[in-house]
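These are my notebook entries on a single chain, kept for a reader who is new to it. I set down what I looked up, one topic at a time.

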Amino acid sequence: MNRRLRLLLVLLLAASGLRAQVQYTTESPRIDDINDRDVSIQRVELTAQYTIIYMKFVSSERGSSRRSFPFSIPMPNGRGQQMESTNNIGFQPTSRLYVNQGERSYKFVRAENIPLETRRQVQPGERVDFVAYFERIDPGYTTFDLFECRDGGGYICFNFWGVHIINPLKKTYSQRTPKPQVQPRAQQPRYIPRTSPGVSPPASTPPVTPPKAEPAPAPAAVAINGITRDAKTKALLGATITYRLISGAESVSDGPADSVRSNKSTGAYTIPVTQRGVYAVTASAKGYFSQSDTLATNRVALNRNFDLVPIEAGATITLKNIYFNVSKFDLQPESYPELDRLVTVMRQNSTMTIRLEGHTDTVGDFDANVELSRNRVNEVKRYLVSKGIDAGRIDTVGYGPSRPINTNKSLKERPENRRVEMVIIKV
């Protein structure tokens, strides 16, 4: 009897130990974009050793979403018998997890309930639950991309972009700052009265001299530096650099903006950073489109050059701070400041007409991306019209993925192709 109890106790302890291995769990994580809508991530668990991703694949009723192979078998009478369309799924051992636009990668370890070297046939409507194990994502990274494969070879890859998880940068117990220990007060020498004027106490009781306090080191100076130039001729020019702290310990959401002027002959400017955090910086000059950026300051100086595009027929400018929800065309509020600056320029140049061009990356269906890009630039046009700009001054066109500005293969390149560009038709 005792032996059975001991065995049961060992099993319970082992089971509780397995449960304790899971450090963080994210149920139904938010995902920015998906390559195949038939597969979804149900849960992500982080242990001390692994990043464990629980996924679900439900074969499309039409059997053609992921890996569909409709075919006919030749019959003796010369006619073919059409077979039912099915899916064949598998998981590539070369898959990786990437964080921070490819800054770090984590290798695939193993998978459960899905084959690696072969393919598993899935009938339309059938559900397959499987699990993929990867190396543990370092603490502090709360978003990752899952690339099952790059070249599907006829198969659609299980790729996910922007998987948001719980993974705080947690200090271990040994890293915590120890509480200062209270030192026992040194025993002060007992006062011995002088026996006569001018006679010091005996040498055995010297006076206690307090330690001299060391001055605290002055914090290193931090600044945002750069130059302003003509984007076309690269000629240096003077511009107004407006900046405002938008994120940080001392930031105020509606705080006033400050500004500095860049030197007319050298184009150089300097923004002194007295409060660390994220700054919104905008460079503007008469006859040019303004250019904006968000810059994070920490312990070192930053360098940011601004190449301003002149307002002239044929000029093209990328509206970098235009944001949409994933796979949708509704504008996010963060886009309004950039569009409001464009409204100001069009009001100042009352005869200027423009063309808005929408672009996407190459992920997903080509026709769907063309339609998405067209809807997005039309949404931008609607916003400008709502601010009083005549609709006849704005043309729109959606190019989808047909005009990439890079190879569109790396994690850093793909977001650059998702853009809205403006071309000046007439000034």
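Entry 1, terms. Before sorting any lining by class, I note that Ala, Val, Leu, Ile, Met, Phe, Trp, Tyr, Cys and Pro count as nonpolar, that Asp, Glu, Lys and Arg count as charged, and that the others, Gly among them, count as polar. I also note that the model is predicted.

Entry 2, the chain as a whole. I found 4 helices and 25 strands in the chain. The chain has 427 residues, and 36% of them count as buried. I then looked up the contacts with a separation of 6 or more, and 64% of these join residues 24 or more positions apart. The exposed area comes to about 26200 Å², of which carbon and sulfur atoms supply 52%.

Entry 3, the second largest pocket. I looked up its volume and found about 340 Å³. Its lining consists of 16 residues, and those nearest the centre are Ala280, Ser292, Thr294, Pro337 and Arg341. Two or more lining residues come from each of β15 (240-247), β18 (277-284), β19 (291-297) and α2 (336-348). Which element gives the most to this lining? I found that β15 does, with 4 residues. Sorted by class, the lining of this pocket holds 7 nonpolar, 5 polar and 4 charged residues.

Entry 4, the largest cavity. My search for cavities of 30 Å³ or more returned a count of 1. The volume of the largest cavity is about 80 Å³. I list its lining as Phe289, Ser290, Ile317, Leu319, Glu338, Arg341, Leu342, Val345 and Met422. Helix α2 supplies the largest share of this lining, 4 residues. By class, I recorded 6 nonpolar, 1 polar and 2 charged residues around the cavity. Arg341 thus appears in two of my entries, as it lines this cavity and is also among the residues nearest the centre of the second largest pocket.

Entry 5, the β18 and β19 hairpin. I found that β18 and β19 run antiparallel and are joined by 7 bridges. One pairing I looked up is that of Ala283, whose bridge partner in β19 is Gln291. The two strands form a hairpin with 6 residues between them, and Gly287 in the turn has a positive phi of about 85 degrees.

Entry 6, Pro310. From the turn I went on to Pro310, whose C-alpha atom is 6.0 Å from that of Gly287, although the two residues are 23 apart along the chain. Pro310 sits in the loop between β21 (306-308) and β22 (316-318). Is Pro310 buried or exposed? Pro310 counts as buried because its relative accessibility is 11%, and the cut-off for buried is under 20%. Setting aside neighbours within four places in sequence, I found Pro310 in contact with Asp230, Lys232, Gly287, Tyr288, Phe289, Ala315 and Ile424.

Entry 7, positive phi outside glycine. Most residues other than glycine have a negative phi, and I therefore looked for departures from this rule. Asn113 has a positive phi of about 70 degrees, and its place is the loop between β9 (104-112) and β10 (120-122). With 47% relative accessibility, Asn113 counts as partly exposed. Lys234 also has a positive phi, of about 65 degrees. Lys234 lies in the loop between β14 (222-230) and β15, and at 44% relative accessibility Lys234 counts as partly exposed.

Note on methods. Residues are numbered from 1 along each chain as its sequence is written. This is a predicted model: local features need pLDDT of at least 70, side-chain atom pairs count only at pLDDT 80 or more; totals for chains, interfaces and linings use all residues. Side-chain values use heavy atoms; hydrogens and water are left out. On a 1 Å grid over the protein atoms alone, a cavity is a set of points where a 1.4 Å probe fits but cannot get out, and a pocket is an open set with protein on both sides within 12 Å along at least five of seven lines; lining residues have an atom within 4 Å of a point. Grid points are joined across faces, edges and corners, and a volume is the space filled by probe spheres set on the points. Buried means under 20% relative accessible area, exposed over 50%, partly exposed in between (1.4 Å probe, protein chains only). Contact means heavy atoms within 4.5 Å. Accessible areas come from the Shrake-Rupley method with a 1.4 Å probe; for residues, only the protein chains shown count as cover. Two strands pair if DSSP finds at least two bridges between them.
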